[in-house]
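Grab a viewer and let's work through a few exercises together. Each one sets a task and then walks through the solution.

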Amino acid sequence: MSTNLGAGRPPRRIIVGVGAGIAVYKVPAVVRHFVKAGDSVRVMPTEASLNFVGKATWQALSGAPAHTGVFDEEAGVDHVEAARGADLIVIAPATADLIARIHAGLAGDLLTTTVLASTAPVLLVPAMHTAMWNNPATKHNVEQLRARGIHILEPVSGDLSSGDKGAGRMPEPEAIWQRAEEILAAGQNGPVRDLEGVKAFVTAGGTREPIDPVRFVGNHSSGRQGAAIAQALVERGAEVTLFSANVDDRLIPAGVRVVETPSALQMHQAVLEAAPEHDMGFFVAAVADFRPAKTATKKVKKSAANEDGWSLEMVRNPDILAETAKAFPGLLCVGFAAETGSDEEILEFGRAKARSKGAKYIAINRVGGGLGFGTLDNQVVVVDGEGNEVLSTSGSKLEVARAIVALASGHSETQNR
């Protein structure tokens with residue numbers, strides 16, 4: 001079997017920039033991916049990064065010289081030509097120093113000069129100690145670069161080379177080249193359409209549990225993230241049904257079938273009926289855990305009977321994700337866990353939920369205090385069914401949706417059918 005994954009198309013021109021960080025040991029696998037895909041790869045290491053991996057390694061992997069300086073004597077070191085011809089620049093690991101230099105527009109070596117001269121899309125993959133990643137200067141630089149259109153694949157939480165644990169660990173090579181392929185596809189041929197023929201459903205919005213004809217128990221979810229998941233699925237060619245819990249129609253993308261499911265019980269019934277006919281299910285809706293035990297048929301009035309207060313008896317709603325995953329093991333299920341608390345608490349709550357729900361993936365995000373619900377941006381950590389972190393992503397809710405759908409589609413047995 002041929003290892004040329006890109007057979008049938010002209011080779012793409014990829015520049016892989018390498019920063020000076022211990023995570024550099026993961027980058028050869030990224031270079032290998034593009035070489036096997038039949039692409040023309042040029043590695044541009046920073047001088048300091050050669051303390052971790054030398055030029056000989058990069059030249060052997062790419063089949064091309066690996067220069068660091070604009071004035072290297074070897075032929076072919078022309079940053080303008082390299083910049084003009086590139087289809088994508090991937091920089092990994094992107095250290096705090098390298099990010100700051102790119103943000104400032106400095107051009108002190110071949111890599112930063114090429115970035116400054118290029119109009120090609122750039123994917124930065126930061127990796128550094130948690131304290132450096134959380135430093136306001138780094139945060140400012142990253143947000144400014146994102147605003148300029150540079151793609152950021154954020155670091156994940158885990159063990160760091162210092163012995164500490166926290167956000168700052170570089171994502172695995174598979175996540176890097178997967179995101180790179182997404183960017184390349186969007187720039188050249190439109191989004192990857194690897195879900196043609198796949199039927200997917202999405203739950204979105206916040207359920208409302210009626211107290212009487214006027215009042216309800218609800219939450220602040222707008223449905224934006226679920227609508228964005230639906231759009232990302234449509235972009236990849238899937239046939240999508242959206243189970244809408246009070247989502248503004250203006251948020252719902254074209255080409256999506258909408259089923260109104262305003263309450264938890266209505267959504268529960270609709271999902272279980274639809275699941276056998278679908279390949280993938282994304283459980284994004286904020287479903288109320290409890291509902292009033294009784295719903296009044298008329299508006300409850302203020303009276304002598306309740307002048308000192310009003311107590312509602314609440315009963316538990318069904319767990320739609322857990323029931324669906326258990327009843328339909330062939331359905332690829334992706335759940336969402338909206339949590340509050342410290343970063344450590346939120347992650348642990350999400351991991352516990354992942355281990356109990358039976359879903360393929362759980363996307364964990366912080367809500368409350370102006371975060372998560374109703375916002376335009378989001379930040380999630382995705383774990384697998386065992387609670388292992390597989391993805392950390394942030395940005396607009398559509399960017400987050402695309403990353404999650406890309407992860408799910410990469411593991412879908414129904415893709416390309």
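**Exercise 1. Work out how H10 and H11 are oriented relative to each other, and what sits between them.**

Start with the verdict: H10 and H11 are roughly parallel to each other, a label used for angles under 35 degrees, while over 145 is roughly antiparallel, 65 to 115 roughly perpendicular and the rest oblique. The numbers behind it: H10 (residues 264–274) and H11 (residues 320–327) pack at about 15°, their axes 10 Å apart. Axes here are lines fitted to C-alpha atoms, for helices over the stretch in contact, and angles run from 0 to 180 degrees between N-to-C directions. Helices (H or I, at least four residues) and strands (E, at least two) are DSSP runs numbered from the N terminus.

Next, handedness: H10 passes H11 in a right-handed crossing, i.e. the near helix is turned clockwise from the far one by less than a right angle, with anticlockwise being left-handed.

Then the residues: Ala-264, Met-267, His-268, Val-271 and Leu-272 of H10 meet Ile-320, Glu-323 and Thr-324 of H11, where contact means heavy atoms within 4.5 Å. Sorted by class, that contact has five nonpolar, two polar and one charged residue. Ala, Val, Leu, Ile, Met, Phe, Trp, Tyr, Cys and Pro count as nonpolar, Asp, Glu, Lys and Arg as charged, and the others, Gly among them, as polar.

Before going on, some ground rules: this is a predicted model, where local features need pLDDT of at least 70, side-chain atom pairs count only at pLDDT 80 or more, and totals for chains, interfaces and linings use all residues. Residues are numbered from 1 along each chain as its sequence is written, and side-chain values use heavy atoms, with hydrogens and water left out.

**Exercise 2. Do the same for H4 and H7.**

Helix H4 (residues 96–104) and helix H7 (residues 136–147) pack at about 50°, with axes 9 Å apart. That makes H4 oblique to H7. Their crossing is left-handed. On the H4 side the contact uses Ala-96, Ile-99, Ala-100, Ile-102 and His-103, and on the H7 side Thr-138, His-140, Asn-141, Val-142, Gln-144 and Leu-145. The class count is six nonpolar, five polar and no charged residues.

**Exercise 3. Track down the backbone oddities.**

First, check omega: the peptide bond from Ala-92 to Pro-93 is cis, with omega near -10°. Pro-93 lies in strand E3 (residues 88–94).

Second, check phi: Asn-246 has a positive value of about 65° although it is not a glycine. You'll find Asn-246 in the loop between strand E11 (239–245) and strand E12 (256–260). With a relative accessible area of 28%, Asn-246 is partly exposed (buried is under 20%, exposed over 50%, partly exposed in between; 1.4 Å probe, protein chains only).

**Exercise 4. Describe the surroundings of Thr-207.**

Locate Thr-207 in the loop between strand E8 (199–205) and strand E9 (209–210). Is Thr-207 buried or exposed? Thr-207 is buried, at 0% relative accessible area. Its side chain makes a polar contact with the side chain of Glu-209 at 2.8 Å (a pair of N or O atoms within 3.5 Å; within protein, one must be able to donate a hydrogen and the other to accept it, and residues adjacent in sequence count only if both atoms are side-chain atoms). Leaving aside neighbours within four places in sequence, the contacts of Thr-207 include Asn-246, Ala-264 and Met-267.
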